[in-house]
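Got the viewer open? Here is a short walk through the model, one selection at a time.

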Amino acid sequence: MQLPNPNNAPTRKPYDGDLRKLIIALDVGTTFSGVSYSILDPGSVPITQGVTSFPAQAKVGGSAKIPSILYYDKEGTVRAVGSEAMEPAFIEQAEEEGFIKVSWFKLHLRPDSLQLDFDIPALPGNKTPVAVFSDFLRYLFECTKSYIQRDTLGGHHWNSVEHNIDFILAHPNGWEVSQQGQMRRAAIMAGLVSEVESQERVHFVTEGEASLHFCINRNIPFKKDEGVIIVDAGGGTVDLSGYRQTPSGFEEIVTSQCVGQGSVFVGRRAHKYLLERLRNSRFGSDEDVQQIASIFDSDAKHTFRNPDDPVFIKFGTFRDRDPSVDIKAGQLKIPGNIVETFFEPSIKAIIQAVKEERKEATVPIGAVFLAGGFSANDWLFSRLKNELEPLGLTVSRPDAFLNKAVADGALSYYLDHFVSVRVARFTYGTDCVRAYDPYDLEHMRRRATIITAPSGRKVIPNVFSAIVIKGEQVHEETEFKEPFFLESRARAAYREISADIIVYRGKSSSPQWTDLEPRMFSTWGTVYADVSAAVKTAGVHDGRFYHQAEFQIVILFGGPEIKAQISWQENESRYNCLRTDPPVSEIVLKYSIE
């Protein structure tokens, strides 16, 4: 990897693999989606290419993205996707036959921690978020395959890569392992990969990190010892990430954020306003309001730049008029200061998030780089500049197609891998027991919960043992581990032991007890292992032998994906295990080793 300097874009090394390989980066957005790809030929320097035409786009000149919408019939069969679902003939058919439109489906995957200002459109009753995501991925891949066969490889050369394809799926900063798991399952259901191959061939990157890679490849200068905040403003979410350049790469310097204030919520506020304003006019039907709101969403929302100028929404013919609501000659006039209010909650949320990132960063922040389709709006850009530059922050956007930032950046993440240090978004650990200390006030408060262990010792449950602390910088090659031991009377219990990896989302810098803020703790995942070879008979209590086995819980940050393992020693050799099958039912007490 060669790093960029202020005058030159980064240079990639030739691909050193033995076989031709295809890399496909899929950016499934709330409102629009795009694809970038690279064909890796041995000895050649990989280049970034994009799918720049999709079915039904020839009539409008083509585009690098398609709408993230699908139509299903009543039986749940996909009838149209993307631009094909926008054709007038199909829309007429959809209305006549009662097809069901699905949009914003990506937001149905969101974690509970991501709050939204509005309800999102419901899915059909016979479809889950994963099933819809799968149908959309299948369509994107089919379009990508056709495009590459037609414009890059040629049909007869597709077989040179079809069994050697890696996929990169970008997702908002706020997505967690549960969302990654659902996206991986969708990729399997879509036929992109088999379940056996999915761990090795499906990769994830946050939209914030993808946007950083996009900025690097667009030769945006990074100053020495100065941090930057990347603001990826998209349709559903706004993702903020902070980085600095070092001699060896880029380091994340602050916990990333994900704010549910993307451009779709500007449109939602406009729709709410139009419902109220047109309620008593002859244009107040749900159909008319929806049509006017859709035109605002596709046009005025993107071009609005000055609250002193009114916005005109052309929706009807010259004969359509209602002066009482400023409708003349088939167009509705909205004062610019009203349109400004549609943007304001999103703008305020972004400004507040930037200030928080700046305050928490480990190095001074000097610049803010904007990416994502929402960032192309001039009013948003000017407001952010006016608010943030007096704070000593320069605000800029790459001179490129901002809506392709995530797809191109996700591909660069795979090829260039500029980031080697990230910041833990939460505190990760596990639950365990601890020996009862009658002089410890917290132990005394929990006397009613005392358990007698197989060894006879008194222990307290609901202890949280932190392994990775929120805000901690984590290197890709670093293992975070804590030692524990299990105690049981039954040797068979050690054949399949389990450990829950628990996430703490509260504000405490040193959480100790899971029963103090139970809603702030949730299970990230569970790891299983057979540690029977590490079991030792530890003693006798009440005439019965009890056994112990020492092990470590290991958490690894090998990239945007987090992995966990159980590690133990057998005959002076270390073993790691990550199991997915459930453990046997057996009572085992897990102690932290203090």
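Two strands count as paired if DSSP finds at least two bridges between them. Keep that in mind for the first stop, and keep in mind too that this is a predicted model.

**Stop 1: a small sheet.** Select strand E13 (311-314) and strand E15 (331-334). E13 and E15 pair in the antiparallel sense, over 4 bridges. To see how they line up, pick Lys-314, which stands opposite Gln-331 in E15. Now add strand E14 (327-328). You have an open, antiparallel sheet of 3 strands, in the order E13-E15-E14. E13 and E14 are its edge strands, each pairing on one side only.

**Stop 2: two loop residues.** Stay here and click on Asp-326, in the loop between E13 and E14. What is the sign of phi at Asp-326? Positive: phi is near 60 degrees, in a residue other than glycine. Most residues other than glycine have a negative phi. Asp-326 has a relative accessible area of 31%, so this residue is partly exposed. Next, move to Ala-329, in the loop between E14 and E15. Ala-329 isn't a glycine either, yet has a positive phi of about 50 degrees. Its relative accessibility is 22%, and buried means under 20%, so Ala-329 counts as partly exposed.

**Stop 3: a pocket.** Select Thr-255, Ser-256, Gln-257, Glu-356 and Lys-470. Of the 36 residues lining the second largest pocket, these lie nearest its centre. The pocket's volume is about 1,000 Å³. Show strand E12 (249-259) and helix H8 (336-360) as well: these are the elements that give two or more residues to the lining. H8 supplies the largest share, 8 residues. Colour the lining by class and you should find 12 nonpolar, 15 polar and 9 charged residues.

**Stop 4: the largest nonpolar core.** Try Leu-22, Ile-24, Leu-26, Phe-105 and Leu-137, the residues with the most contacts inside a core of 52 residues. Several elements give two or more residues to this core, including strand E1 (21-28), strand E2 (32-40) and helix H2 (129-151). Which element gives the most to this core? That is H2, with 11 residues. Another core, of 48 residues, lies apart from this one; among its members are Val-259, Ile-347, Ala-361 and Leu-384.

Before leaving, zoom in on Leu-22. Setting aside neighbours within four places in sequence, Leu-22 is in contact with residues including Tyr-37, Ile-39, Ile-148, Trp-158 and Ile-165.

**Stop 5: the cavities.** How many cavities of 30 Å³ or more does the structure hold? There are 2. For the largest, select Asn-173, Thr-206, Arg-425, Pro-560 and Ile-562, which lie nearest its centre among 27 lining residues. About 350 Å³ of space lies in there. Helix H3 (177-189) is one of the elements that supply at least two residues of this lining, and E12 from the pocket stop is another. By class, the lining divides into 13 nonpolar, 7 polar and 7 charged residues.

The second largest cavity holds about 30 Å³ of space. To find it, select Val-28, Lys-106, Leu-109, Phe-133, Ala-170, His-171, Pro-172, Trp-175 and Met-183, which line it. These divide into 7 nonpolar, 1 polar and 1 charged.

Terms used. Residues numbered from 1 in each chain as written. Predicted model: local features only at pLDDT ≥ 70, side-chain atom pairs only at ≥ 80, totals over all residues. Heavy atoms only, no water. Buried < 20%, exposed > 50% of the residue type's maximum accessible area, 1.4 Å probe, protein only. 1 Å grid on protein atoms, 1.4 Å probe; cavity = no way out; pocket = protein on both sides within 12 Å on 5 of 7 lines; lining within 4 Å. Points joined across faces, edges and corners; volume = space filled by probe spheres on them. Nonpolar A, V, L, I, M, F, W, Y, C, P; charged D, E, K, R; others polar. Core = buried A, V, L, I, M, F, W, Y, C linked by side-chain atoms within 4.5 Å. Contact = heavy atoms within 4.5 Å.
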